Number of protein chains: 2
Amino acid sequence: MAAEITLSPTSPATAKVTVGGKPGTALFAGCPELIGTPFAYDREEEIYGEGEEAEFVYKVVRGAVRTHKVLNDGRRQITGFHLPGDLFGLEQGETHRHTAEALSDTQVVIFKRRGIERAAARSAEVACQLWTMAASGLRYAQDHMLLLGRRSAVERVATFLMEVDERLGGTSTFALPMTRRDIADHLGLTIETVSRTFSQLEEDGALLRAGGRQVSLRRARLRRVVED
Amino acid sequence: MAAEITLSPTSPATAKVTVGGKPGTALFAGCPELIGTPFAYDREEEIYGEGEEAEFVYKVVRGAVRTHKVLNDGRRQITGFHLPGDLFGLEQGETHRHTAEALSDTQVVIFKRRGIERAAARSAEVACQLWTMAASGLRYAQDHMLLLGRRSAVERVATFLMEVDERLGGTSTFALPMTRRDIADHLGLTIETVSRTFSQLEEDGALLRAGGRQVSLRRARLRRVVED
DNA sequence: CGTGGTGTTGAATTACCTCAATAAGCGTGG
DNA sequence: CCACGCTTATTGAGGTAATTCAACACCACG
């Protein structure tokens, strides 16, 4: 499980890439020195561990990543899933506050944190972008606090499915990139409860399943489950 | 409960104050135009509501504030308590994403959000401070996600007590500034469970109580309850 | 002294968990 | 293409931590 792999991101990939964000809003705009290096991880490979020095910042190109925290007895809380286009691993402070692992074979582009910080110290525009990213992470975390603190199992799962759908393009038919365990550890439930809840939602006609991961949502019904 | 009070913070308090943060790290340093206006709220008074335009940013001077989110059926999650020295209400985006209310009679200093944003657009230093604040909020929220998703009632209450103690100065004897309901709604529990857990912790010798709010912690014991 | 808000305690209920068995995917190699 | 083994997912039965409902105690304040 804990694949102890030492990254040496300085050696590989010679092709450097300047990386923009979503069309229009280039990431770290106007900072030519902030170029990213492509990098890849295998399924279940650790990208960085909690407590390690935060040397890099990552942007998902293909695949998916989870970040989590663990208690010493193994209880785990997944704080976020990161899909193509998402940035993760951006800390201020010297160390990572959680662990990141690839859900599947994943390509990322990495940036040196120091470089970003130096750019932010000079450019108000870059610094504002960092603020924006932290703020949107904060919004997500606060919404999730409400979910974890006050919502029932069905509500959690329904909310989660709609969220993933949206982030995957909103086609309402897709393959979940994560296991039941990952979902459970994100929603503060057990795998069994997640599984049962999927079954229940299917019975209620709120979704269709094909082979575990593949789902097709009836969004209106799901929305009625969450109702707020 | 929902005291609908219209604030007109433009009219009152003539005494303007420039406000620094913790000693050494002045808040919005080097920005003389960012001065705060003192303002006060009564116990249980709403400071701003979810969805309202985010016109001001607030810094607690005396008293205490809670910020929360609600579901339409009334379930509530308190996302944070704000004690003297803390900043709250800082959004990026036009509207507040939660409601803020005074726990007790509270004095704050308010800043115009636009002013701060304008300063950030010009000064990398100010922008970096905004990033820092958002990032520390994010760290808190992520720790709290772990608590809400994976910890038992005793662990939640014990963690909470140690946190409040620390933020109040770490004397381990203090009066909780919030009700059982507030604590419950912060920890994702019911008032009864919080109450029972206090009793249990007292039996276990992890704390002493005097009249509901007043507590005296045996920190070593509490730490053993949380254990990690 | 009442009165209303706040906190505690008890008894019964329940949503979710734990333990355990079975089934369904899925990659590998014959 | 099927058999095999391994991982992942589903389902059932029983247990439990936390909730719900309800009664009572405690102040603070008129």
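# Salt bridges, a two-chain interface and DNA

Me: In this predicted model, what is the N to O distance in the salt bridge between the side chains of Arg66(A) and Asp182(A)?
Reply: Let's start with who pairs up: the side chains of Arg66(A) and Asp182(A) meet in a salt bridge. The pair links distant parts of the chain, as Arg66(A) is in strand S4 of chain A and Asp182(A) is in helix H4 (residues 180-187), 116 residues apart. For this bridge, the N to O distance is 3.2 Å.

Me: Is Arg66(A) buried or exposed?
Reply: Its relative accessible area comes out at 3%. The cut-off for buried is under 20%, so Arg66(A), at 3%, counts as buried.

Me: Which residue meets Arg66(A) in a salt bridge of 3.3 Å?
Reply: Look at the loop between strand S1 (37-41) and strand S2 (46-48) of chain A. The partner of Arg66(A) in this 3.3 Å bridge is Glu44(A), and that loop is where Glu44(A) sits, 22 residues apart from Arg66(A). At 28% relative accessibility this partner is partly exposed. The name you want is Glu44(A).

Me: Which residue of chain B joins the salt-bridge network that includes Arg66(A) and Asp182(A)?
Reply: First, both Arg66(A) and Asp182(A) are buried. Salt bridges that share partners join them into one network, with members including Glu44(A), Glu101(A) and Asp185(A). Across the chains, Asp185(A) has a salt bridge at 2.8 Å (N to O) with a residue of chain B, and that chain B member is Arg150(B).

Me: How many salt bridges are there across the interface of chain B and chain A?
Reply: Side chains of opposite charge can pair when their charged atoms come close. Over all chains, the salt bridges come to 38. Across the interface of chain B and chain A, the number is six.

Me: Which element gives the largest share of the side of chain B that touches chain A?
Reply: There are 20 residue pairs in polar contact between the two chains. On chain B, strand S5 (76-82) and helices H1 (113-122), H2 (124-150) and H4 (180-187) each give at least two residues to the touching side. The largest share is 20 residues, and they come from H2(B).

Me: About how much area is buried between chain B and chain A?
Reply: The size of an interface is often given as the accessible area lost when the parts come together. Here 47 residues of chain B are in contact with 47 residues of chain A. Trp131(B), Met145(B) and Arg150(B) supply 22% of what chain B buries against chain A, more than any other three residues. Carbon and sulfur atoms give 64% of the buried area, which is about 4,100 Å².

Me: How many residues surround DNA strand C?
Reply: Start with the classes: the surface near this strand has two nonpolar, eight polar and eight charged residues. The closest ones include Thr193(A), Arg196(A) and Arg180(B). Taken together, the residues around DNA strand C number 18.

Me: How far is a phosphate oxygen of DNA strand C from an N or O atom in the side chain of Arg180(B)?
Reply: Phosphate oxygens turn up in several contacts here. A backbone N or O atom of Ala153(A) lies 2.9 Å from one, and a polar side-chain atom of Ser195(B) lies 2.8 Å from one. For the side chain of Arg180(B), the distance is 2.6 Å.

Me: Which element gives the most to the surface near DNA strand D?
Reply: Some contacts here go to the bases: Arg196(A) has a polar side-chain atom 2.8 Å from a base nitrogen of DNA strand D, and Arg196(B) has one 2.8 Å from a base oxygen. The elements giving two or more residues to this surface are H5 of chain A and H5 of chain B. With four residues, the one that gives the most is H5(A).

Me: Is Thr197(A) buried or exposed?
Reply: Thr197(A) lies in helix H5 of chain A. Leaving out residues up to four places away in sequence, Thr197(A) touches Ala153(A), Val154(A) and Val157(A). Its relative accessible area is 5%, so Thr197(A) is buried.

How values were computed:
Residues are numbered from 1 along each chain as its sequence is written. Chains are lettered from A and ligands numbered from 1 in the order in which they are written. This is a predicted model: local features need pLDDT of at least 70, side-chain atom pairs count only at pLDDT 80 or more; totals for chains, interfaces and linings use all residues. Side-chain values use heavy atoms; hydrogens and water are left out. A residue is near a molecule or strand if one of its heavy atoms lies within 4 Å of it. A polar contact is a pair of N or O atoms within 3.5 Å; within protein, one must be able to donate a hydrogen and the other to accept it, and residues adjacent in sequence count only if both atoms are side-chain atoms. Ala, Val, Leu, Ile, Met, Phe, Trp, Tyr, Cys and Pro count as nonpolar, Asp, Glu, Lys and Arg as charged, and the others, Gly among them, as polar. Contact means heavy atoms within 4.5 Å. Buried area is the accessible area (1.4 Å probe) that two parts lose on being put together, summed over both. A salt bridge is a side-chain nitrogen of Lys or Arg within 4 Å of a carboxyl oxygen of Asp or Glu. Buried means under 20% relative accessible area, exposed over 50%, partly exposed in between (1.4 Å probe, protein chains only).
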